[in-house]
Amino acid sequence: MTNTPTSVPSRLRGDTKPLHTIYLGLGTNLGDKTAHLNKAIRLVDERVGRVVRQSSFLETAPWGFQSANSFLNAVICCETEHTPREVLLLTQQIERDMGRSKKSTDGGYADRTIDIDILLYDDLIVDEPDLKIPHPLMCERDFVMRPLQEINSSVCDKICTNL
C-alpha cells in the first residue's frame, strides 16, 4: 500500500479519470431569466463539472420560432470527467429539474425555462441521432457565437472554419 500525502490533489496522483474541456450554451426566455441562468450554471458546476469560464449574459430575440419573450443566453466552459453521453443525460436532467417538460424536436422550438446545449467536447466529433458534437447549428447562432467568442475566441475561429 502506498502512502500518498492527503495534501496532493487526486488528479495529480493519477487516480481519477482525465478531465475534458466542454462548452455549453444556455438559454432561457421564461420567468426570472437571470435567476434561471445562474441556477443552471450552479447545477452544471455541481453535477457535470467545475465551471472554469463563463460569458456575460446576452439578451436576444427568439431564434427559429416566434415568441413575445426575449432570451437571455450565456456560454460556459467546464472541466468534466463525464463522457459526452453522460453530459447529455446530466444536462437533460438539469433541464427537467428546472421545469422543462420536453426537448425541442424536428426544428420545433418553444418557450423554455432553460435550454442547455453541448457545443463542444474537447476536439471530439460525435454524430449520433440524439447527440451531435460540435453542435451543428452553433456557427449560425449569434447568441452562441458572441458569448463563446467572449470566453475563447480561438475556438470560434477553429470550429466555424471546419464545420
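How many bridges join E1 to E4, and in which sense do these strands run? In this predicted model, E1 and E4 are joined by 9 bridges and run antiparallel, and within this pairing threonine 21 stands opposite glutamate 79 of E4. Strand E1 also pairs with E5, again in the antiparallel sense, over 6 bridges, with isoleucine 116 of E5 serving as the bridge partner of leucine 26. E1 is mostly covered, 8 of its 9 residues being buried.

Threonine 28, which lies in strand E1, has a relative accessibility of 0% and therefore counts as buried. When residues up to four places away in sequence are not counted, threonine 28 touches Lys33, His36, Leu37, Ser70, Phe71, Leu72, Arg112, Thr113 and Ile114. A polar atom of the threonine 28 side chain lies 2.5 Å from the backbone oxygen of threonine 113.

Helix H2 comprises the 15 residues 33-47, and the 21 Å between its end C-alpha atoms agrees with the span of 21 Å that would be anticipated at 1.5 Å a residue. The buried residues of this helix are His36, Leu37, Ala40, Ile41, Leu43 and Val44. Seen down the axis of H2, these buried residues fall within an arc of 165 degrees, so they line one face of the helix. An α-helix has 3.6 residues a turn, so residues three or four places apart point the same way. The cover over the buried residues of H2 includes strand E1 (20-28), strand E2 (50-54), strand E4 (71-80), helix H3 (84-97) and strand E5 (115-121).

A search of the whole structure finds 8 salt bridges. One of these is formed by the side chains of glutamate 79 and arginine 50, with an N to O distance of 2.9 Å. Because glutamate 79 lies in strand E4 and arginine 50 in strand E2, the pair ties together parts that are 29 residues apart in sequence. Both partners count as partly exposed, glutamate 79 at 22% relative accessibility and arginine 50 with a relative accessible area of 47%.

A salt bridge is also found between arginine 85 and glutamate 128, whose closest N and O atoms are 2.4 Å apart. Arginine 85 belongs to helix H3 and glutamate 128 to strand E6 (residues 126-128), so this pair ties together parts that are 43 residues apart in sequence. Arginine 85, with a relative accessible area of 29%, is partly exposed, and glutamate 128 is likewise partly exposed, with a value of 33%. In the salt bridge between aspartate 115 and arginine 112, the closest N and O atoms are 3.6 Å apart; here aspartate 115 counts as buried at 12% relative accessibility, as does arginine 112 at 7%. Salt bridges that share partners further join Arg85, Glu128 and Asp130 into one network.

Lysine 132 is located in strand E7 (residues 131-133) and counts as partly exposed, with a relative accessibility of 36%. Its side chain is joined to that of aspartate 127 by a polar contact of 2.7 Å, while a polar atom of the lysine 132 side chain lies 2.9 Å from the backbone oxygen of glutamate 128. Leaving aside neighbours within four places in sequence, lysine 132 is in contact with Ile118, Val126 and Asp127. The C-alpha atoms of lysine 132 and isoleucine 118 are separated by 8.3 Å, these residues being 14 residues apart along the chain.

Notes. Residues are numbered from 1 along each chain as its sequence is written. This is a predicted model: local features need pLDDT of at least 70, side-chain atom pairs count only at pLDDT 80 or more; totals for chains, interfaces and linings use all residues. Side-chain values use heavy atoms; hydrogens and water are left out. Helices (H or I, at least four residues) and strands (E, at least two) are DSSP runs, numbered from the N terminus. The expected span of a helix is 1.5 Å times one less than its number of residues. Buried means under 20% relative accessible area, exposed over 50%, partly exposed in between (1.4 Å probe, protein chains only). The arc is that of the directions from the helix axis to the C-beta atoms. Contact means heavy atoms within 4.5 Å. Two strands pair if DSSP finds at least two bridges between them. A polar contact is a pair of N or O atoms within 3.5 Å; within protein, one must be able to donate a hydrogen and the other to accept it, and residues adjacent in sequence count only if both atoms are side-chain atoms. A salt bridge is a side-chain nitrogen of Lys or Arg within 4 Å of a carboxyl oxygen of Asp or Glu.
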